[in-house]
Amino acid sequence: DVIVMGTDGLFDNVFLDNIETLVALATSKYPQDQLPELLSTALLKLAMGNSAKTMGDTPWARKAEVEMMKEVKALLRESGGDVEAE
């Protein structure tokens, strides 16, 4: 079993299925004693790479889009604009 712990720096920038895929690949190809360093380095590079992108799909970007749409709809309601059903 592998337990992955991280901060929002990891989980805001890397989808869980990508983490699972990376862990499965690493555990099938590398010795167990190399996994902690190998996985931590790979996850760090992936999260940092994703965080540096100005365009891209990340867990944080999806959450931000949902929140932004809530704010836009609220502003439209306040101004009497037409708001589509969710």
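Reader: How far does helix 4 (residues 59–78) reach from its first C-alpha to its last?

Author: Mind that this is a predicted model, where local features need pLDDT of at least 70, side-chain atom pairs count only at pLDDT 80 or more, and totals for chains, interfaces and linings use all residues. Residues are numbered from 1 along each chain as its sequence is written, and side-chain values use heavy atoms, leaving out hydrogens and water. Helix 4 (helices being DSSP runs of H or I, at least four residues, numbered from the N terminus) has 20 residues. At 1.5 Å a residue, times one less than the number of residues, you'd expect 28 Å, and the reach is close to that, at 29 Å.

Reader: Which residue with a positive phi follows helix 4?

Author: Look just past helix 4 for a phi near 80°. The residue there is Gly-80.

Reader: How far apart are the end C-alpha atoms of helix 2?

Author: Helix 2 covers residues 16–29, which makes 14 residues. At 1.5 Å a residue they should span 20 Å, and the end C-alpha atoms agree, sitting apart by 20 Å.

Reader: Which residues of helix 2 are buried, and what arc do they fall within?

Author: Buried (under 20% relative accessible area, 1.4 Å probe, protein chains only) applies to Ile-19, Val-23 and Ala-26. Seen down the axis, they line one face of helix 2, because their directions from axis to C-beta fall within an arc of 70°.

Reader: And which residues are exposed on the other side of helix 2?

Author: Here exposed means over 50% relative accessible area. On helix 2, away from the buried side, that picks out Glu-20, Thr-21, Ser-28 and Lys-29.

Terms used:
Helix = DSSP H or I, 4+ residues; strand = E, 2+ residues; numbered from the N terminus.
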